[in-house]
Amino acid sequence: MTPSTAPAPSTLPLDLVIFGGAGDLSVRKLLPALYMAHLHNNLPAQTRIHALGRQPWDRTAFLAFIEDKVPGFIDATARTETTWQGFLQRLNYVSLDATRAGDFTSLGEALQAGSDRVYYLATAPSLFTTICEHLAGASLIDVRSRVVLEKPLGHDLASAKEINDSVGRHFLESQIFRIDHYLGKETVQNLMVLRFGNTIFEPLWRSPYIKSVQITVAESVGVGSRAGFYDSTGALRDMVQNHLLQLLCIVAMEPPVSLDPDAVRDEKLKVLRSLRPMTVAHVARDTVRGQYSAGASGGDKARGYLQEDNIPPDSTTETFVALRAHINNWRWANVPILLRTGKRMAERRSEIVIEFADLPYTIFPDAPRQPVNRLMIRLQPEEHVQLQMMAKEPGSGMRLRPVNLNLDLELAFSERRAEAYERLLMDVIKGRLTHFMRRDELEAAWTWVEPILDGWKQLNEKPKAYTAGTWGPAASSALMAREGSAWVEES
Ligand code: BG6
């Protein structure tokens with residue numbers, strides 16, 4: 001693999017070009033994140049943001065669209081009229097059909113002379129190849145250019161390789177930023193500090209001191225307006241292949257030799273390559289697919305997945321996955337890794353739970369039959385780390401009860417916490433690759449995930465129904481029970 005040293009930051013003008021610039025991601029995440037970076041003076045002085053789209057708008061029409069749509073996604077307290085107007089000054093719109101080479105000449109004319117260029121591809125991946133070819137054809141790529149690839153990066157291994165190959169024909173690996181917004185979350189980055197900036201956990205961070213690892217990314221929202229995308233994708237591709245596996249990598253990797261992009265990504269890659277391959281028998285035993293049926297969410301009635309707009313009434317797409325994985329290396333031998341994610345679950349909660357080993361023997365006859373020590377790392381919506389320990393209940397006798405040592409990160413730090421996209425966009429601008437996926441990482445993730453998809457196809461079972469607003473199908477609890485364990489909310 002070519003060493004991934006991105007171009008060093010420069011003082012040249014910057015052109016940030018967003019393909020899909022009037023799309024959902026741009027409106028909800030990218031432009032609000034860039035506004036915040038602008039507000040905090042973090043954008044290089046001569047930064048121009050070019051939104052590209054097929055709408056035949058001029059700049060004025062685009063700005064009217066932005067004025068209407070974007071402010072709703074910016075914290076009202078962060079918006080002053082002066083900064084907002086200053087931000088709008090940076091914006092430009094280029095009407096462009098990515099399939100027409102000629103349109104790229106107009107794009108070239110809109111860019112500043114001698115600028116650094118960041119191309120953010122927030123379009124369907126089917127356009128990535130064409131966009132890169134046309135950028136190259138119009139001589140808009142040089143050694144300082146960077147390209148940001150938004151997910152989904154493929155729907156299987158072959159399509160992921162195809163994307164990598166076609167983008168790789170025009171950009172070096174060191175110029176490619178494959179974004180996984182989970183890697184931009186403050187708490188996810190903090191996980192590295194928890195593990196490698198402290199001495200207390202690392203000696204215990206292994207088999208047999210750890211009994212199991214649970215990673216949950218639960219959402220309370222349903223499929224929303226993304227039926228077209230979601231129904232052909234499903235929870236495994238949408239969440240597990242990227243976000244959950246990336247979290248797992250950070251939890252399970254060996255200490256990297258430094259924070260250099262390749263040092264970190266080499267270690268994450270080893271985790272992905274050590275995952276025990278899933279045979280059909282493993283898929284049948286160790287995975288649970290679910291689909292939400294009508295129920296409630298946040299006190300309101302919620303439709304079932306099959307009743308959502310534009311979802312085929314006979315869809316078998318999973319909106320929930322739970323699975324048990326194993327990492328075949330010395331550190332993690334025999335430690336089950338339980339992953340689960342779903343839409344329309346009981347609450348929005350992303351959490352990593354490290355369950356430490358049971359007591360070898362207890363001298364307390366009244367000790368409760370429940371996990372003794374757990375480290376619970378809440379990533380969202382709250383950000384905290386709790387260490388569950390046993391303590392003596394006051395009174396005569398020796399009754400034990402679990403209590404938590406509680407580190408509330410929001411209370412501990414009063415500093416502003418940037419959203420994931422803002423942090424990652426700043427990394428792209430500064431050429432920092434550590435929190436982006438390397439080609440081999442992406443392919444290793446697909447190599448592990450693809451047999452699960454194949455296994456499900458062979459087994460040809462419908463997803464198990466779970467009521468909207470619950471923690472998923474009963475089979476998910478049964479999967480844990482087989483480990484002599486339980487999901488954290490059940491124990
Ligand atoms: C996206 C998925 O990558 O992550 C969505 O495509 C999901 O389906 C989202 O809702 C969750 O992100 P977050 O930051 O809200 O946890």
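Which side chains does a polar contact of 2.6 Å join? The side chains are those of D156 and S159. The structure described here is a predicted model.

## D156 and its surroundings

D156 sits in the loop that connects β5 to helix α6, which covers residues 157-168. Besides its polar contact with the side chain of S159, D156 touches W446 and E450, once residues up to four places away in sequence are set aside.

The position of D156 can also be described by distance. Along the sequence, D156 and E443 are separated by 287 residues. In space, their C-alpha atoms are 9.1 Å apart.

## The sheet of 6 strands

One open sheet has 6 strands in the order β3-β2-β1-β4-β5-β6, and the pairing is parallel. The edge positions are taken by β3 (91-95) and β6 (176-178). Each of these has a single partner strand, so one side of each has no neighbour in the sheet. Ignoring direction, neighbouring strands of this sheet are turned against each other by 20° on average.

At one end of the order, strand β2 (residues 47-53) and β3 run parallel and are joined by 5 bridges. Within this pair, G53 has S95 of β3 as its bridge partner. Helix α2 lies across β2 and β3, and α2 runs at about 115° to β3.

## F65 in helix α2

Helix α2 spans residues 59-69 and contains F65. Which residues does F65 contact, leaving aside its neighbours within four places in sequence? They are A22, V27 and W57.

A second distance can be set beside these contacts. F65 and G137 are 72 residues apart in sequence, and their C-alpha atoms are 31 Å apart in space.

## The sheet of 9 strands

Another open sheet has 9 strands. Their order is β16-β15-β14-β13-β7-β12-β11-β8-β17, and the pairing is mixed. The edge strands are β16 (400-408) and β17 (464-467), each of which pairs on one side only. From one strand to the next, the twist averages 20°.

One antiparallel pair in this sheet is formed by strand β8 (residues 287-293) and strand β11 (residues 320-325), with 4 bridges between them. In this pair, R289 stands opposite V321 in β11. Helix α9 packs on the sheet and touches β7 (210-218), β11, β12 (337-342), β13 (349-356) and β14 (374-380). The direction of α9 makes about 140° with that of β12.

Helix α14 (residues 439-459) lies across β8 and β11. The angle at which α14 runs to β11 is about 120°.

## The ligand and its shell

Which residues surround the ligand? They are K151, H181, Y182, K185, E219, R226, D238, M239, H243, K343, R348 and Q380. By class, this shell has 7 charged, 3 polar and 2 nonpolar residues. Helix α9 (residues 234-252) gives the most to the shell, with 3 residues. This is also the helix that packs on the sheet of 9 strands.

Several side chains of the shell place polar atoms beside oxygen atoms of the ligand. For Y182, the distance from a polar side-chain atom to a ligand oxygen is 2.4 Å. For D238, an N or O atom of the side chain is 2.6 Å from an oxygen atom of the ligand. For R226, a polar side-chain atom lies 2.8 Å from an oxygen atom of the ligand. Taken alone, the ligand exposes 390 Å², and the protein buries 82% of that area.

## Details of the backbone

Two cis peptide bonds can be pointed out. One joins S207 and P208, with omega about 5°, and P208 lies in the loop between α7 (186-196) and β7. Another runs from Q380 to P381, with omega near 0°, and P381 is in the loop between β14 and β15 (384-392). Q380 is also one of the residues that surround the ligand.

What is the value of phi at S139? Phi of S139 is near 55°, which is a positive value in a residue other than glycine. S139 is found in the loop between α5 (128-137) and β5 (146-149).

Conventions:
Residues are numbered from 1 along each chain as its sequence is written. This is a predicted model: local features need pLDDT of at least 70, side-chain atom pairs count only at pLDDT 80 or more; totals for chains, interfaces and linings use all residues. Side-chain values use heavy atoms; hydrogens and water are left out. A residue is near a molecule or strand if one of its heavy atoms lies within 4 Å of it. A polar contact is a pair of N or O atoms within 3.5 Å; within protein, one must be able to donate a hydrogen and the other to accept it, and residues adjacent in sequence count only if both atoms are side-chain atoms. Accessible areas come from the Shrake-Rupley method with a 1.4 Å probe; for residues, only the protein chains shown count as cover. Helices (H or I, at least four residues) and strands (E, at least two) are DSSP runs, numbered from the N terminus. Ala, Val, Leu, Ile, Met, Phe, Trp, Tyr, Cys and Pro count as nonpolar, Asp, Glu, Lys and Arg as charged, and the others, Gly among them, as polar. Two strands pair if DSSP finds at least two bridges between them. Axes are lines fitted to C-alpha atoms, for helices over the stretch in contact, and angles run from 0 to 180 degrees between N-to-C directions. Contact means heavy atoms within 4.5 Å.
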